[in-house]
Amino acid sequence: MNRLILTLCLLVAAGTSLFVAGPVLAQDTQTAETLRVTTVTRPPFSLEQDGAQTGYSLDLWAALMEAIGRDYEIMRVDAFAQMLTEVQAGNADAAVANISITAGREAVLDFSQPIFEGGLQIMVPADGSSGSPLMRALFNRDLMIAIALAFAALLGVGMLMWRFERRAQPYFDHDAKGAMFPAFWWALNLVVNGGFEERVPRTPMGRLFGVTLVVSSLFIVSVFVAHITAAMTIDAIQGSVNSINDLYGKRVGTTRGSTASAFLNRRDLPHQEFADLDALIDAFEAGELDGVVFDAPILAHYVNTSGAGLGQLVGPVFLRENYGIALQSGSDLAEPLNRALLALREDGTIEALRVKWFGTGAR
C-alpha cells in the first residue's frame, strides 16, 4: 500500500513538473525566434547603402533589438502599402520606415511610441518661383514675341511715312537704308509722345497717315501695357506656390494610400497618385508636376541630395504627425519595445541618430 502511494506521488510530481516546464520552454523557444521586419525604401528613414540596411528608422530598430536582445531579419518590399499588409497578415512581426500613426492604421495594427515627429510639405521645381514677378513677366516668351512684333511694326510704320515724306522735308530725305533709324525713331516718338512737333507731316497722305497713327497709338499703348500687366498677374497667380491653397489648378502629385493623399482628398484638391515614391519623383523630374505634397523629412532629404537644384520646399510643415513602428495587433513586442525606446531616449541614442540623419535642426 505504501509503495502504491509512493508511486502515485512520484507520477503526480513528474506530471506537474512537465506541465510547468512546458510553457516556459515554449516561451524560451519563441523568444529565441528571429523577428521578421519589413521595410520600404524611404531615404533617410530606410535605405540600402553599400550593401547595408540603414537609415534613421533601421538604425533605431537595430539599437532597440540590441537593447532587448532579439535577432531579426530585414525584408525590403517595393510598396509602402505592401509593407503594412505583410504585418497585418502575420507575415512580418514589425514594419519600420516613416510610418505615420493614424486612426485607420491603429484599427488594424499596433504601434510603438512615436519615434519621430514629421508632417507634410510642398515641393515645387527649383526655378518655379525664382526671381521677381516683373522679371518673369519681362522674360515671358509671349511677351518677348509681342515686343519683337511691336519693333517690326514701328519700323514698318516709320518706313511708310518715309515713303510719303522723303521729298517733302529734310528729316526723311535719305535712301531706304539710311532712313531706317530716323523712320523708326519718328514712329516710336509718335506712339510715346504723340509725334515730333518739328516733324509734322507735310504731304496730304503723310498728314492723313499721321493722324491715323496718333489715334491708333492710344489703343496700341493701352493694349501693350495691358499685356504686361496681365502677364505679371497671371505669373503671380499661376507661377507662385507658397501654401496648400496655391495648388488649386496646378498639377499636384503624391503617393497612393499616403496620409498626403488622404489630406488632399479632404481638401478636394485634384491630384495624381503614384504607386511609389520613385514614380512620384520621376514624374516631378520629368516636369509633369507643378507641385509634390509628401512627408517633409523625405522631401528635405531629396532636395538636399539627389534633387539639389531640381526642387525646393515652400511654405511651412503642416499636418504634423508622429511616425512609429507598426506591429501586429496584440503583439507582445509592444511593451519591451516601448521600454527600450524610453531608455534610448534617456541615454541620448535617439537624439544622436536624429542629428546623424537630419542635422541639429530636426525635431
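**Figure 1. Burial and overall make-up of the protein.** Of the 363 residues in the protein, 38% are buried. The model is predicted. Its secondary structure comprises 13 helices and 12 strands. The accessible surface is about 19800 Å². Carbon and sulfur atoms account for 60% of that surface. Sequence-distant contacts are frequent: among contacts between residues at least 6 apart in sequence, 70% join residues at least 24 apart. Across the whole structure, 6 salt bridges are found. Three of these pairs are shown in the views that follow.

**Figure 2. The Lys356–Asp59 salt bridge links two helices.** The side chains of Lys356 and Asp59 form a salt bridge, with an N to O distance of 3.0 Å. Lys356 sits in helix H13, which spans residues 349-358. Asp59 belongs to helix H2, residues 56-68. The partners are 297 residues apart, so the pair links distant parts of the chain. Their surroundings contrast. Lys356 is exposed, because its relative accessible area of 55% is over the 50% cut-off. Asp59 is buried, because its 16% is under the 20% cut-off.

**Figure 3. A salt bridge within helix H13: Arg354 and Glu351.** Helix H13 also carries the salt bridge between Arg354 and Glu351. The closest N and O atoms of this pair are 3.5 Å apart. Arg354 and Glu351 are 3 residues apart, which means about one helical turn separates them. Residues three or four places apart in an α-helix point the same way, because there are 3.6 residues a turn. Arg354 is buried, at 12% relative accessibility. Glu351 is partly exposed, at 35%.

**Figure 4. A salt bridge within helix H12: Glu335 and Arg339.** Glu335 and Arg339 form a salt bridge, their closest N and O atoms lying 3.5 Å apart. Both residues lie in helix H12, residues 334-346. They are 4 residues apart, about one turn of the helix. What is the relative accessibility of each partner? Glu335 has 48% and counts as partly exposed. Arg339 has 51% and counts as exposed. The two values fall on either side of the 50% cut-off, so the labels differ.

**Figure 5. A nonpolar surface patch: Val211, Val215 and Phe219.** Three residues make up this nonpolar patch on the surface: Val211, Val215 and Phe219. Together they have about 310 Å² of accessible area. Val211 is placed in helix H8, residues 204-238. Val211 counts as exposed, with 53% relative accessibility.

**Figure 6. The buried side of helix H3.** Helix H3 covers residues 80-88. Phe80, Met83, Leu84 and Val87 are buried there. These residues cover an arc of only 90° around the axis, so they lie on the same side of H3. Which elements do the buried residues of H3 pack against? The partners include five strands and one helix, listed here by element:

- strand E1 (35-40)
- strand E4 (72-77)
- strand E5 (94-95)
- helix H4 (103-106)
- strand E6 (109-111)
- strand E12 (326-328)

**Figure 7. Gly90, just after helix H3.** What is the phi of Gly90? Gly90 takes a positive phi, about 85°. The residue comes just after H3.

Note on methods: Residues are numbered from 1 along each chain as its sequence is written. This is a predicted model: local features need pLDDT of at least 70, side-chain atom pairs count only at pLDDT 80 or more; totals for chains, interfaces and linings use all residues. Side-chain values use heavy atoms; hydrogens and water are left out. Buried means under 20% relative accessible area, exposed over 50%, partly exposed in between (1.4 Å probe, protein chains only). Contact means heavy atoms within 4.5 Å. Accessible areas come from the Shrake-Rupley method with a 1.4 Å probe; for residues, only the protein chains shown count as cover. A salt bridge is a side-chain nitrogen of Lys or Arg within 4 Å of a carboxyl oxygen of Asp or Glu. Patches are made of residues with over 30% relative accessible area and no salt bridge: like charges are joined within 9 Å, nonpolar side chains (Val, Leu, Ile, Met, Phe, Trp, Tyr) within 5 Å. The arc is that of the directions from the helix axis to the C-beta atoms.
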